[in-house]
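Welcome, and please open your viewer. Let's take a walk through the fold together, one selection at a time.

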Amino acid sequence: MNPATALATVLVDELVRCGLTDVVLAPGSRSAPLALALHAESRVRLHVRIDERSASYLALGLAKRGERPVALICSSGTAVANFHPAVIEASESGVPLLLLTADRPPELRGTGANQTIDQIKLFGSSTRWFAEVGVPEDRPGQVAYWRSLACRAYQRASGPSDPGPVHLNLAFREPLIPDGDTAWSEPLDSGGNGPWVRARVAPPPVALHIAPTRRGVLVVGDGAANVRRYVAAAGMAGWPVLSEPNGGGRYGDHAISTYHYLLGMPEFADTHRPDVIVTLGRPGLSRPLLSWLKRAGEHIVVAPDLGRWPDPTRSATQVAQAVEIPVAAGDDSWLHAWRQADAVVRSVTDAVLDASGTSEPRLARDLVDALPNGALLFCGSSMPIRDLDQAMRPRRGIRLMASRGASGIDGVVSAAMGAALAHNGPSYALIGDLSFLHDQNGLILGPREPRPDLCFVVVNNDGGGIFSLLPQAAVRDPFERVFGTPHGVDLAYVAAATRTPYTLVEDISDLSKAMRGEGPRVVEVRTDREQNVIMHARLREAAQEAVRSYLES
């Protein structure tokens, strides 16, 4: 057996023993040993994509929803570099990826040899661990090295406290395909059913006990862990819960869904300063919320890994791996005030949305309301997730995700595809037109590839809608060209290019019907950027007036 085939066979087998179930492959010549070993491996689900960037985001979505490492394979050269954006997102959001990049052997590096670049630590600090595996050789000891290396890579990607991408760079000499010879200097089999190295998970950390208080708030941001336990504890303590949609805590009687508007009012924010705020995950959608975090007497950040904790406002006073929120005696006036204000603002903002016809915030609200229980909603990380944050009503029974680690608009179609493939139930995606066009290759599926049940709801305002709500909009002369970026693309033709079913929704009341179907499909909703600015202003003004009236009553 040639060394390249031996290494690929052993590595794939050991990763499967560790628990690997999904692999994403972008085709290439130098990665042929891995591709052939995977094609012959019945214990994993193989996904093939012709575009490395699309492949990497597909793996990201699979790993994010599946909450376990997914292997990602490509050939050498710029193919590897196309993984970089997804690797950054995986690093920032703590998603476990196993990057298996094929490479040329050392004698070809630095010589101008075809498809040969410097791949050593190519992803820099964005990986949790890197290993240059070395050219495989037919000598005793190689199997133990390869299997122990695979176990270390899988375990490091998994975390458990700090999951993220791991990079193995694999140099292969020719021949790259099996030669028919099965002889090797030592047994290639592991000799057992389990992994070569069994890593033991550490016991749960000792929780930080905080002083009992009724004037506390639980804030839930992106990437939060153990959300249900903390939401239940906050409920017992009489605390309001301020959860971003992708935080997973916007449900139940304590959920305050209009916090963006409430905290945007100084009159409310100043009179509702808590004794303590406990933050899960990384909040980052609402500027009023971020500003308000600095006003608490105590701000405790819960972070599973004490080497990496989110604190974008530099307001944390304590950081702990776990927190015990105690039940406190006292009346419910604190929680009651939050809930009353929330109900007042929710009533007026819903009334504004109901009278608006088709608008972007209303689309976000109505889409969530229309989803069946057990559904997944993957959301674009720019304007769609913010519309959800400001318009989504509390509800149970859905899983909402977004690529908010680095908050890029790239790879959203592919990441949604991956998340849908890992989800056991119907899946939906709410994304903008620029995100859709940026990753339209994500719609390309080969005839033998697994196909998710996924409906893309694309908000088409012919450009970058979020910039119309930012200070850049005041620079009128260059705005449209350098920020608004109208494209004039007919999305129906984009969908037709990949034979993806397409529906145009002209009336918001037709949304639920348009989303019906099976497999990947596209639903387009057209909006106007200038009208969107007006709608956001109306919502803000209505909320402010309602809060003032409430505080004066």
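On this tour, two residues are in contact when heavy atoms of theirs lie within 4.5 Å. Keep in mind as we go that the model is predicted.

**Stop 1: valine 24 and the cores**

Begin by selecting valine 24. Setting aside neighbours within four places in sequence, valine 24 is in contact with His47, Ala55, Leu58, Ala59, Leu62, Val70, Ala71, Leu72 and Ile73. Now widen the view to the largest nonpolar core, which has 46 residues. Which of its residues touch the most other members? They are Val24, Phe378, Ile431, Phe436 and Phe456. Colour helix α14 (residues 412–422) next: with eight residues, this helix gives the core its largest share. There is also a second, separate core of 42 residues, and Met1, Cys18, Leu34 and Ala37 are among them. As background, nonpolar side chains in soluble globular proteins tend to be buried together.

**Stop 2: strand β14**

Phe378 leads us onward, so select strand β14 (residues 375–379), where five of the five residues are buried. Try looking at the strand from each side. On one face you will find Ala375, Leu377 and Cys379, on the other Leu376 and Phe378, and all of these are buried.

Add the strands paired with β14. Strand β15 (residues 398–402) runs parallel to β14 and is joined to it by five bridges. Pick alanine 375 and you can find its bridge partner in β15, isoleucine 398. To follow the chain from β14 to β15, trace it through helix α13 (residues 383–391); this β-α-β crossover is right-handed. Strand β16 (residues 427–432) is also parallel to β14, with four bridges between them. Here phenylalanine 378 stands opposite alanine 429 of β16.

**Stop 3: helix α5**

Now jump to helix α5 (residues 84–93). Which of its residues are buried? Select Ala86, Val87, Glu89, Ala90, Ser91 and Ser93 to see them. Show α3 (52–66) and β4 (97–103) as well, since both are included in what covers the buried residues of α5. Just after the helix comes glycine 94, whose phi is positive, near 70°.

**Stop 4: aromatic rings**

Time for some rings: the whole structure holds six aromatic pairs. One of them is formed by tryptophan 334 and tryptophan 338, which meet edge-to-face, with 5.8 Å between centres and 70° between the planes. Both tryptophans belong to helix α11 (residues 333–354), where they are four residues apart, about one turn of the helix. Are these two buried or exposed? Tryptophan 334 and tryptophan 338 are both buried. Add Phe268 and Trp292 to your selection, and you have one aromatic cluster of Phe268, Trp292, Trp334 and Trp338.

Rings can have charged company too. Select arginine 228 and you will see its charged end over the ring of tyrosine 251, 5.2 Å from the ring centre. The charged end of arginine 229 sits over the ring of tyrosine 230, 4.5 Å from its centre.

**Stop 5: proline 310**

Finish at proline 310, in the loop between β11 (298–302) and β12 (318–320). This proline counts as partly exposed because its relative accessibility is 23%, and the partly exposed range lies between 20% and 50%. Beyond its neighbours within four places in sequence, proline 310 is in contact with Gly281, Arg282, Val301 and Ala303. For a last look across the model, draw a line from proline 310 to glycine 194: their C-alpha atoms are 36 Å apart, and 116 residues separate them in sequence.

Terms used: Residues numbered from 1 in each chain as written. Predicted model: local features only at pLDDT ≥ 70, side-chain atom pairs only at ≥ 80, totals over all residues. Heavy atoms only, no water. Helix = DSSP H or I, 4+ residues; strand = E, 2+ residues; numbered from the N terminus. Buried < 20%, exposed > 50% of the residue type's maximum accessible area, 1.4 Å probe, protein only. Phe/Tyr/Trp six-rings, centres within 6.5 Å; stacked < 30°, edge-to-face > 60°. Lys NZ or Arg CZ within 6 Å of the ring centre and 35° of its normal. Core = buried A, V, L, I, M, F, W, Y, C linked by side-chain atoms within 4.5 Å. Pairing = 2+ DSSP bridges. Right-handed = clockwise from strand over helix to strand, strands pointing away.
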